[in-house]
Amino acid sequence: MAYTTINKSTAHFNTKLYTGNGSNGHSISGVGFQPDLVWIKARSAGSTEHHLMDVLQGWGTGSSDTPNISSNNTSAAYNRNIFSSNNVNADGFELNDYSDTNTNGQTHVAWNWKAGGAGSANSDGDANSTVSVNTTSGFSMVKFNTNGQSGTFTVGHGLGAVPKMMILKPLPTTDAWWTYHTKMGNGKYLKLNTTDAEASNANIWGSTTPTSSVFSMNTGFWGANTNDIIAYCFAEKVGYSKFGKYTGNGSTDGTFVYTGFKPTFILTKDTSATSEWHIYDNKRDTNNPNSAVLCPNGTYAESTNSNGDTDFLSNGFKLRNSNSNRNGSGNTYIYMAFGQSIVGTNNTPCTAF
């Protein structure tokens, strides 16, 4: 049986559902902690962007100035009227009347992560970084730039453990969401904002696997004068998070993926073919098979159909569809999963609650 050092998973990651009211000062509570990364997507309406706000970009002061980035496009960070002057608090956040995140009667989902607050300087790498880190749950946010660097250089991430997945977005420029995953290796990448299959470039990660203190990049790919980049970095924690891969079998009696815990959130992508990214969680669909899908690369409304059917099990997840986006025969898929750990003392079995 797998054991976890995470006493309560919802103290580090939590999914919150809410309905918009179209008014300024709409308070969303029940997150369970003060979030450092908030990712919001409208569920019931299409043509609405994903919005990611974080403590290192800043929350704004409530007058159309919340810095945010959208995973479905390459746009530079842009200020929008998302958070009120009370922005984030100890149990959630407060919204203004911005249509994508607070249209009256529209349903939304907010995925929330706890990092380490405002952040602090990190000098572990060649490029000095500002890091907000939660070493308990294995999540850090890193803000840095490539100015003054040449060739392969390193950036400190603060995790004290090897990152298994990293998602990077240059903030002031039109650029992709460059994604590293341990199962693809240090010469390949995906783009969170597209349906593209994995691609190769020796310079993107400097042909160097991340360590417990730094990750590597090369100016041959990133350039030598790139302004601020944000990196979301994830290390694996037994009983709480897992970053792996699986091979599809093309059957409705699909592949079973062992995580060692009951998932609360799953992100998947076919690395071998053009396909959507898919997000599932245990709040938008509470029954098996879970078929409520949102796509980080698209502005679509939530889809609920049998092509996405997935069972959330006590020790992993099992595909219940033959759709090539999720379970194509012989195709390779990467995933990021967070799970339920029981409330209790450290080193407790990671059974579901």
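# Reading the labels on this structure

Visitor: Why does arginine 320 count as partly exposed?
Guide: In this predicted model, arginine 320 has a relative accessibility of 32%. Buried means under 20% and exposed over 50%, so 32% falls in between and arginine 320 counts as partly exposed.

Visitor: What makes aspartate 253 partly exposed?
Guide: The relative accessibility of aspartate 253 is 46%. That value is not over 50% and not under 20%, so the label is again partly exposed.

Visitor: How do you know that aspartate 253 and arginine 320 meet in a salt bridge?
Guide: Their side chains come to 3.7 Å, N to O. The cut-off is within 4 Å, so the pair qualifies.

Visitor: Which parts does this pair tie together?
Guide: Aspartate 253 is in the loop between β21 (241-247) and β22 (256-258), and arginine 320 is in the loop between β28 (316-319) and α3 (324-327), so the parts joined are 67 residues apart in sequence.

Visitor: Why is the contact of aspartate 228 with lysine 143 called a salt bridge?
Guide: The closest N and O atoms of aspartate 228 and lysine 143 are 3.9 Å apart. This is within 4 Å, so the name applies. The pair links distant parts of the chain, 85 residues apart: lysine 143 belongs to strand β13 (residues 139-144), while aspartate 228 is in the loop between α2 (219-222) and β20.

Visitor: Buried, exposed or partly exposed: what is lysine 143?
Guide: Lysine 143 has 22% relative accessibility, which is not under 20%, so lysine 143 is partly exposed. Aspartate 228, with a relative accessible area of 29%, is partly exposed as well.

Visitor: What makes arginine 80 and glutamate 49 a salt bridge?
Guide: The closest N and O atoms of arginine 80 and glutamate 49 are 3.3 Å apart, and the cut-off is within 4 Å, so the pair counts. Arginine 80 is in strand β7 (residues 78-80) and glutamate 49 in the loop between β4 (37-42) and β5 (51-54), 31 residues apart. Both arginine 80 and glutamate 49 are buried.

Visitor: How many salt bridges does the structure hold?
Guide: Eleven.

Visitor: How do you know that strands β15 and β20 pair?
Guide: Seven bridges join β15 (residues 163-170) to β20 (residues 229-235). At least two are needed, so the two strands pair. Leucine 168, for instance, has alanine 231 in β20 as bridge partner.

Visitor: In what order do the eight strands form the open sheet?
Guide: The order is β11-β12-β13-β20-β15-β16-β17-β18, with antiparallel pairing. At the edges stand β11 (120-122) and β18 (199-200); each has a single partner strand, so one side of each lacks a neighbour in the sheet.

Definitions and conventions:
Residues numbered from 1 in each chain as written. Predicted model: local features only at pLDDT ≥ 70, side-chain atom pairs only at ≥ 80, totals over all residues. Heavy atoms only, no water. Helix = DSSP H or I, 4+ residues; strand = E, 2+ residues; numbered from the N terminus. Buried < 20%, exposed > 50% of the residue type's maximum accessible area, 1.4 Å probe, protein only.
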